Amino acid sequence: MKKRFSVRPNVLITIVLMALCALPVLAHHSFAMYDQTKTVTWTGVVVGFSGQANHAELQFIVIAPDGKPMLEKDKDGKPIPGKYVKWGVEMAGAAAVAQQGITAKTFESGTVFSVKLNPMRDGSNFGSRVGAIAKCPTNEATGKPTPPAAGKHCDSVPGFTLLGGNQF
């Protein structure tokens, strides 16, 4: 008499349920939502840092090529006074970026930095970091950041700091 391998129904159901629960986790770590054929470079002013286990994020107001905060535009393309263009950039987990020097302390509100990112495919103002972040220096006498010249990025400012990589 041959013995057949059998699986109890409750064990089979448990395995199937565990597999189904794992699918959202795998989907979360996909970069398909980012357009990896495009890279945009922004210089901005930090308005928030979120350090989570899965992904750390920097939220910032974009600095326009004229060196001023970029204003949002209405449906007719006219600037909306007092309403600034905000972006967010996703990075690795908080522990990983902390090892690169990217923390809530080093990127406090008001910090000026430049970042390259792959933007979201849906056009929303969010992206995934590509390479290092160039952080503008802070004037020790005033405590204020030294922004780049109009049309430039933080990697052009003497004394800038490169975090999270070797090349901007």
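This briefing walks through the strands, cores, disulfide and salt bridges of the structure above. The model is predicted. Strand β7 is a good place to start, since eight of its 10 residues are buried, so this strand is largely enclosed by the rest of the structure. The structure also holds one disulfide and two salt bridges.

**Strand β7 and its partners**

- β7 spans residues 126–135 and pairs with β6 in the antiparallel sense over six bridges.
- β6 and β7 form a hairpin with six residues between them, and G123 in that turn has a positive phi of about 90°.
- With β5, by contrast, β7 runs parallel, and three bridges join the two strands.
- G127 is a handy residue to click on: this β7 residue is the bridge partner of V89, and G127 is also the bridge partner of P119.
- β7 also pairs with β8 in the antiparallel sense, here over three bridges; K135 has T161 in β8 as its bridge partner.

**A closer look at S128**

- S128 sits in β7 and counts as buried because its relative accessible area is 8%, below the 20% cut-off.
- Beyond its neighbours within four places in sequence, S128 is in contact with F31, Y34, V89, E90, K116, L117 and N118.
- Among these contacts, V89 is the residue whose bridge partner in β7 is G127.

**Nonpolar cores**

- The largest nonpolar core has 18 residues, of which L58, F60, F107, F113 and I133 touch the most other members.
- Two or more residues of this core come from each of β1 (40–51), β2 (56–62), β5 (86–90) and β6 (112–119).
- β2 is the top contributor to this core, giving four residues.
- F60 has a long list of contacts once neighbours within four places in sequence are set aside: W42, G44, V45, V46, V47, V85, K86, W87, G88, V89, F113 and V115.
- Another core, of seven residues, lies apart from the largest one, and its members include I63, A134, C154 and F168.

**The disulfide**

- C136 and C154 are joined by a disulfide, with the sulfur atoms 2.1 Å apart.
- The link of C136 and C154 is left-handed, at -95° about the S-S bond.
- Both cysteines, C136 and C154, lie in the loop between β7 and β8 (161–163), so the pair ties together parts that are 18 residues apart in sequence.
- C136 and C154 are both buried, and C154 is also one of the members of the seven-residue core.

**Salt bridges**

- K38 forms a salt bridge with D35, the closest N and O atoms being 3.9 Å apart.
- D35 counts as buried because its relative accessibility is 12%.
- The other pair is E108 and K105, whose closest N and O atoms are 3.9 Å apart.
- In this pair, E108 counts as partly exposed at 40% relative accessibility, while K105 is exposed with a relative accessible area of 65%.

**The loop around P69**

- P69 lies in the loop between β2 and β3 (71–73) and counts as partly exposed, at 43% relative accessibility.
- Not counting residues up to four places away in sequence, P69 touches I61, V62, I63, A64 and Y84; I63 among these is a member of the seven-residue core.
- P69 and G82 are 13 residues apart in sequence, and their C-alpha atoms are 9.6 Å apart in space.

Notes
Residues numbered from 1 in each chain as written. Predicted model: local features only at pLDDT ≥ 70, side-chain atom pairs only at ≥ 80, totals over all residues. Heavy atoms only, no water. Salt bridge = Lys/Arg side-chain N within 4 Å of Asp/Glu carboxyl O. Buried < 20%, exposed > 50% of the residue type's maximum accessible area, 1.4 Å probe, protein only. Contact = heavy atoms within 4.5 Å. Core = buried A, V, L, I, M, F, W, Y, C linked by side-chain atoms within 4.5 Å. Disulfide = S-S within 2.5 Å. Pairing = 2+ DSSP bridges.
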